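Let's take a walk through this chain together. Have a look at it first, and then we'll go piece by piece.

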Amino acid sequence: MQATPKVLQESANEIAPHLLCQHLEAVSETCDRWLSSLTLTPLNCALLLATKQTIFDSLENILGIKGANT
C-alpha cells in the first residue's frame, strides 16, 4: 500500500497503465489473503476503510480521476 502513490506517479509519467494494473493486482491479492484471516472488529474495519481511501485519494490526486460521489 505504501508504494501505491509512487506506482501511480510512475505509471502516469511513463504513460504505462500496465504498471498500475500489476500493482493493483498485487494489492488485491494481499488484501484478499488479509481479509480471509481477519475478524471484523472496529479497528480492522477502520483499517479497511483507510486502505480504500488511500487508493481513491491517490487516484484522484495523481491521475485526476474523480469518484462518482465527487
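What follows moves from the overall layout to one helix and then to the core.

Keep in mind that this is a predicted model. The mean pLDDT of the chain is 78, with 87% of residues at 70 or more. Of the chain's elements, helix 3 (residues 42-63) has the highest mean pLDDT, 81, while helix 1 (residues 4-14) has the lowest, 77.

The layout is easy to follow: you'll find 3 helices and 0 strands, giving the pattern α-α-α along the sequence. The chain has 70 residues, and 20% of them are buried. Its accessible surface is about 5,200 Å², and carbon and sulfur atoms account for 59% of that. As for contacts between residues at least 6 apart in sequence, 42% link residues at least 24 apart.

Now zoom in on helix 2, which runs over residues 17-37. Its 21 residues span 31 Å from first C-alpha to last, close to the expected 30 Å. Which residues of helix 2 are buried? They are Leu 20, His 23 and Val 27. Looking down the axis of helix 2, you'd see these buried residues fall within an arc of 70°, so they line one face of the helix. Turned away from that buried side is a face carrying the exposed residues Glu 25, Glu 29, Arg 33 and Ser 36.

Two of those buried names, Leu 20 and Val 27, turn up again in the largest nonpolar core, along with Leu 8, Ile 55 and Leu 59. That makes 5 residues in this core, and the elements giving two or more of them are helix 2 and helix 3.

Note on methods. Residues are numbered from 1 along each chain as its sequence is written. This is a predicted model: local features need pLDDT of at least 70, side-chain atom pairs count only at pLDDT 80 or more; totals for chains, interfaces and linings use all residues. Side-chain values use heavy atoms; hydrogens and water are left out. Helices (H or I, at least four residues) and strands (E, at least two) are DSSP runs, numbered from the N terminus. The expected span of a helix is 1.5 Å times one less than its number of residues. Buried means under 20% relative accessible area, exposed over 50%, partly exposed in between (1.4 Å probe, protein chains only). The arc is that of the directions from the helix axis to the C-beta atoms. pLDDT is the predictor's confidence in each residue, from 0 to 100. A nonpolar core is a set of buried Ala, Val, Leu, Ile, Met, Phe, Trp, Tyr and Cys residues joined through side-chain atoms within 4.5 Å. Contact means heavy atoms within 4.5 Å. Accessible areas come from the Shrake-Rupley method with a 1.4 Å probe; for residues, only the protein chains shown count as cover.
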